[in-house]
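Below are my notes on the model you sent, set out as numbered points. They start with the overall layout and end with single residues.

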Amino acid sequence: MNAKRCVGSAPRRNIRGITMVESLVALVVTSVGMLGIAGLYVTGIKAGRSALLRTQAVNLASDMADRIRANRRAVMAYDMDTYGDAPEDQGCIGAACTSAELAEDDLARWVEAIEATLPGRPLATANVEVDDEAPPAANRYEVSVTWHEAGEENASTYTLMVEL
């Protein structure tokens, strides 16, 4: 019996494995995919850090709002403009202090916490302003925290309005 060959068909060869070109193409495709994943990873880390700093700023501003609410007698003593450069620690922990001394002590400890917690060039800043135009029944305070994030040109600020 004669084996007939189909016209136009090539002889069969045993093909094993992959060629060098195929492996290089697979390597390039994998590398491009990994670069994309690395970019997303860096963006995710940056967003996570930004969210953490914003959360810390919110917590610090809320902390000062709670301190103001707890010491209602020191209305104007929480205005940071009255302390010049920075309020001083009055040592009010475990000691008897006036409302104004407690307010200055609260501000000094709050500024220290902000400088220790939030990044900045050279330091993160904190400010509390008292609204003089508020009616006598309600005092308004503007508590703001400003910090610089790594790689960002502009500063980030969180402001909390407190009305008593």
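1. S156 is a convenient place to enter the fold, since the contacts listed for this residue are S156 with R54, V145, T146, W147 and E149, leaving out residues up to four places away in sequence. The coordinates are a predicted model, and the points below should be read on that basis.

2. Overall make-up. The protein chain has two helices and three strands, and from the N terminus its elements follow the order α-α-β-β-β. Of its 164 residues, 26% count as buried. Taking contacts between residues at least 6 apart in sequence, 51% join residues at least 24 apart.

3. The sheet. The three strands make an open sheet with the order β1-β2-β3, and the pairing is antiparallel. Because β1 (125-131) and β3 each have a single partner strand, they stand at the edges, and one side of each has no neighbour in the sheet. On average, neighbouring strands of this sheet are turned by 15° against each other, direction ignored. As a general point, strands of a sheet pair through backbone hydrogen bonds, in either a parallel or an antiparallel manner.

4. The β1-β2 pairing. Strand β2 covers residues 140-147 and is joined to β1 by seven bridges, the two running antiparallel. Within this pairing, E129 is found opposite E142 of β2. The two facing residues are both written as E, which the reader may wish to look at in the display.

5. Helix α1. This helix takes in residues 20-70 and lies across β1, β2 and β3. Its direction is at about 25° to β3.

6. Helix α2. Residues 99-117 form this helix, which lies across β1 and β2 and runs at about 145° to β1. Is its length in keeping with its number of residues, or out of keeping with it? At 1.5 Å a residue, its 19 residues should span 27 Å, and the end C-alpha atoms are 27 Å apart, so the two values agree.

7. Burial of α2. The buried residues of this helix are A103, E104, D105, D106, L107, A108, W110, V111 and I114. The list includes the charged-type letters E104, D105 and D106 alongside A103 and L107. Among what covers the buried residues of α2 are α1, β1 and β2.

8. The nonpolar core. The largest nonpolar core has 29 residues, of which Y78, W110, L118, V128 and V143 touch the most other members. Two or more residues come from each of α1, α2, β1, β2 and β3. The largest contribution is that of α1, with seven residues. In soluble globular proteins, nonpolar side chains tend to be buried together.

9. W110. Which residues is W110 in contact with, leaving aside neighbours within four places in sequence? They are L60, A61, D63, M64, M80, A126, N127, V128, V143, S144 and V145. V128 and V143 also appear with W110 among the core residues that touch the most other members.

10. S156 and T43. S156 is in strand β3, which covers residues 156-163. With a relative accessibility of 14%, S156 is under the 20% cut-off and therefore counts as buried. T43, in helix α1, is exposed, its relative accessible area being 52%. A polar atom of the T43 side chain lies 3.0 Å from the backbone oxygen of G39.

Methods: Residues are numbered from 1 along each chain as its sequence is written. This is a predicted model: local features need pLDDT of at least 70, side-chain atom pairs count only at pLDDT 80 or more; totals for chains, interfaces and linings use all residues. Side-chain values use heavy atoms; hydrogens and water are left out. Helices (H or I, at least four residues) and strands (E, at least two) are DSSP runs, numbered from the N terminus. Buried means under 20% relative accessible area, exposed over 50%, partly exposed in between (1.4 Å probe, protein chains only). Contact means heavy atoms within 4.5 Å. Two strands pair if DSSP finds at least two bridges between them. Axes are lines fitted to C-alpha atoms, for helices over the stretch in contact, and angles run from 0 to 180 degrees between N-to-C directions. The expected span of a helix is 1.5 Å times one less than its number of residues. A nonpolar core is a set of buried Ala, Val, Leu, Ile, Met, Phe, Trp, Tyr and Cys residues joined through side-chain atoms within 4.5 Å. A polar contact is a pair of N or O atoms within 3.5 Å; within protein, one must be able to donate a hydrogen and the other to accept it, and residues adjacent in sequence count only if both atoms are side-chain atoms.
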